[in-house]
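Let's take a walk through this structure together, going from a pair of helices outward to the whole chain and then to its partner. Please keep the view open as you read.

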Amino acid sequence: MTAHPNPAIRPACNESGIEIKPVYTEDDVKRSGGFGFVGEPGAYPFVRGIHPLMYRHRPYTMRQYTGFSNARQTNERFKYLIANGQTGLNVAFDLPTQCGLDSDDPLAEGEVGRVGMAVDTLSDFEIAFAGIDLDKITVSLTINGAAPQLIAMYLAMAEKRGYDVARLRGTAQNDILKEFIGRGTWIFPVEPSVKLVGDTIEYCARHAPKYSPVSVCGYHIRESGANPVQEMAYAFCIASAYADEVLSRGMDIDEFAGRLSFNFNVFGSIFEQVAKFRAGRGLWAKIIKEKYRAAKPESEWLRMIAGGGGGGLTFEQPEVNIVRGAYYALIAALAGAQTTALCCFDEAYTIPSEYAQRISLRTMQLLIEEMGLADTVDPMGGSWYVETLTNEMRRMMEDVMQEVDQAGGIVRLVAEGIVQDKVSEQAYQHQLAIESGAFRKVGVNCYRLPGEEEVDVKMHPYDAAETRRQISSLEEVRARRDGAATAQALAKIGAAARAGNNVMPAIVEAIKAYATVGEITGQLAAVYGRYREPVLS
Amino acid sequence: MMRNSQTRVLLAKPGLDGHDQGAKVVARAFKAAGFDVTYTGLRQTPEAVASAARAADADVIALSSMAGSHISFCERLKPLLEQAGLGDRLWIIGGNLPKADHARLAELGFRGIFPSSSRLDDIVDFVRSSLP
């Protein structure tokens with residue numbers, strides 16, 4: 001760090017570790033690499049945006065994360081949000097579903113429908129999406145470990161309703177490597193988990209080519225303690241690992257890279273965040289073009305949801321989170337995200353209320369309708385400060401990626417817990433900095449309210465009777481289905497897994513025969529085993 | 001085996017909840033305070049927590065719960081800890097714990113309740129001051 005000429009100036013450093021100058025000029029841009037890697041919107045390296053007209057052509061999709069209790073109640077909330085102008089859905093599943101368990105599994109006790117919608121069979125999806133036009137409203141499934149089952153379920157549900165699966169759009173999160181770093185809904189050991197991601201990408205490329213089978217998440221790695229540069233760099237390492245898995249099966253990069261999508265976080269310094277997205281867009285395009293030799297420009301696009309911001313929101317003075325959310329939405333809009341969503345002001349306490357969800361939705365709407373964010377592409381482009389940061393952060397991301405490669409690659413670093421240990425140590429250091437006041441958090445370590453805070457947050461009720469209803473619906477489906485056909489379809493999954501084949505065709509068939517999420521998990525676990533986290537001491 | 005004087009903490013993630021950032025941060029704070037910490041990792045059943053706590057002969061049994069199933073879990077855990085002879089140890093819990101649940105958690109034997117926003121120093125100090 002160079003000393004400031006005026007020692008009275010407060011030092012400033014962003015979270016990625018870049019010292020921020022009091023003033024930036026064109027010389028700073030030149031020193032950091034110039035304007036040579038910026039280009040025009042819609043053209044390589046896509047730093048300014050993946051489309052020539054961006055929001056002028058179509059504003060970002062608004063997709064609040066939603067789901068609780070069961071399919072019926074979640075369907076009602078979906079319709080409420082759509083009626084309020086939401087343009088996409090992002091489905092939250094309960095933990096048993098995310099962990100591949102049926103609602104009547106002993107391990108599901110106390111958890112059914114609690115943090116999301118419970119799903120056991122195709123019947124639940126039929127109810128959840130009833131009355132929703134899947135051509136107009138695209139659906140994103142926040143599902144990872146159980147993604148093969150739920151992607152199959154979504155395709156089967158759409159097909160049954162008469163949609164052409166070959167033209168169906170939608171997204172599954174399905175990024176299992178980051179689940180081992182943060183979020184934790186893994187099911188199988190690391191290697192077969194990556195194989196399953198490969199199966200879903202390959203299957204969708206062949207049968208549902210408009211569907212995005214993976215949304216690679218820097219988001220949760222950031223929540224777990226990574227800085228913005230690491231967030232993006234680790235996500236690209238993970239996306240490359242999935243690409244390598246699919247390429248090893250003899251597919252061409254252009255057959256699937258255009259359907260890879262991403263999910264990034266937005267909390268932190270506005271300028272660092274915007275630079276992160278611009279840098280990441282350029283770097284991903286470069287990787288796909290130079291390392292993977294893609295021919296189609298769409299393969300090079302960093303298509304993303306940017307939003308959330310949960311890690312920046314506070315438990316203290318929760319209403320102030322409404323304001324934080326507004327800045328986070330601004331960041332996503334300035335960054336040129338394809339889709340955005342916001343964590344709600346009450347989310348540190350409870351499942352968001354309709355009221356809180358509506359405020360988040362209105363926040364995203366007013367940027368487009370009132371504040372001019374959809375009028376011009378990449379409004380920060382050309383700022384000496386942001387262009388300098390963009391160059392600097394891209395280089396730092398490349399350095400992090402190189403370190404990962406030299407240390408044996410991301411799959412190995414995740415399997416050995418090395419990434420987890422690194423980001424967790426950073427999270428600890430960050431917490432210490434908050435507690436010491438070195439890292440300022442309004443309402444937390446400065447501008448606190450005197451005495452004990454009265455918070456006005458309405459808690460989402462949890463109704464245990466809904467669990468019994470979910471289990472009886474599951475029992476009814478089991479009784480009503482053609483048991484022999486289901487058993488036969490399930491056996492094919494195990495056979496495909498044992499043979500090392502793509503399990504997706506068999507899973508789709510089993511889902512159509514109303515096999516349960518848990519039954520399919522059981523077939524796969526019999527071959528792949530189940531992951532157990534190591535005890536740390 | 002001779003017991004040394006180091007405080008032994010068994011830190012567990014109950015149920016299916018995958019939010020472990022907080023638990024891992026608290027584990028590091030306990031280590032920095034000089035405690036001997038065993039962190040179970042995710043997906044622990046009540047039976048697994050009780051048996052890990054007995055194996056570690058833990059002075060402190062700490063849970064971190066972010067996904068709302070804490071009451072149901074603790075109701076099942078309490079008799080198991082008691083059967084394992086760990087009823088006299090310090091039981092604490094942290095995480096997303098609505099105020100309305102604190103009385104019930106206390107009734108279930110949790111002497112330290114640390115909702116989101118608790119300070120690491122306060123958690124460590126509580127453990128130090130609560131142990132004999």
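A good place to start is helix H9(A), which packs against helix H11 (residues 270-291) of chain A at an angle of about 25°, the two axes lying 10 Å apart. Please bear in mind that this is a predicted model. Angles under 35 degrees count as roughly parallel, and H9(A) and H11(A) are therefore roughly parallel to each other. The crossing in which H9(A) passes H11(A) is right-handed. If you would like to find the contact on screen, look on H9(A) for Pro228(A), Met232(A), Phe236(A) and Ser240(A). From H11(A), the residues taking part are Glu272(A), Gln273(A), Lys276(A), Gly280(A), Leu283(A), Trp284(A) and Ile287(A). Sorted by class, the contact of H9(A) with H11(A) has six nonpolar, three polar and two charged residues.

Now turn to another neighbour of H9(A). Helix H7 (residues 190-207) of chain A and helix H9 (residues 228-247) of chain A have axes that come within 9 Å and cross at roughly 70°. The range of 65 to 115 degrees counts as roughly perpendicular, so H7(A) and H9(A) are described as roughly perpendicular to each other. Their crossing is right-handed. H7(A) contributes Val194(A), Lys195(A), Val197(A), Gly198(A), Ile201(A) and Glu202(A), while H9(A) brings Ala241(A), Tyr242(A), Glu245(A) and Val246(A). By class, the contact of H7(A) with H9(A) comes to six nonpolar, one polar and three charged residues.

Let's zoom out to the chain that holds these helices. Chain A has 20 helices and 10 strands in its secondary structure, and its C-alpha trace spans about 80 × 60 × 55 Å along the principal axes. For 537 residues, a compact globule would have a radius of gyration near 24 Å; the 23 Å of chain A agrees with this. Of those 537 residues, 55% count as buried. Among contacts in chain A between residues at least 6 apart in sequence, 77% join residues at least 24 apart.

Finally, how many residues does each chain give to the contact between chain A and chain B? Chain B supplies 26 residues and chain A supplies 31 residues. On the side of chain B that touches chain A, the elements giving two or more residues are helix H1 (21-32), strand E2 (36-39), helix H3 (70-83) and helix H5 (120-130) of chain B. H1(B) provides the largest share of that side, four residues. By class, this side of chain B has nine nonpolar, 11 polar and six charged residues.

Key. Residues numbered from 1 in each chain as written. Chains lettered and ligands numbered in written order. Predicted model: local features only at pLDDT ≥ 70, side-chain atom pairs only at ≥ 80, totals over all residues. Rg over C-alpha atoms; globule rule 2.2 N^0.38 Å. Buried ≥ 20, exposed ≤ 12 C-beta atoms within 10 Å, placed from the backbone. Contact = placed C-beta atoms within 7 Å. Nonpolar A, V, L, I, M, F, W, Y, C, P; charged D, E, K, R; others polar. Axes fitted to C-alpha atoms, helices over the stretch in contact; angles between N-to-C directions. Parallel < 35°, antiparallel > 145°, perpendicular 65-115°, else oblique. Left-handed = near helix turned anticlockwise from the far one by under 90°.
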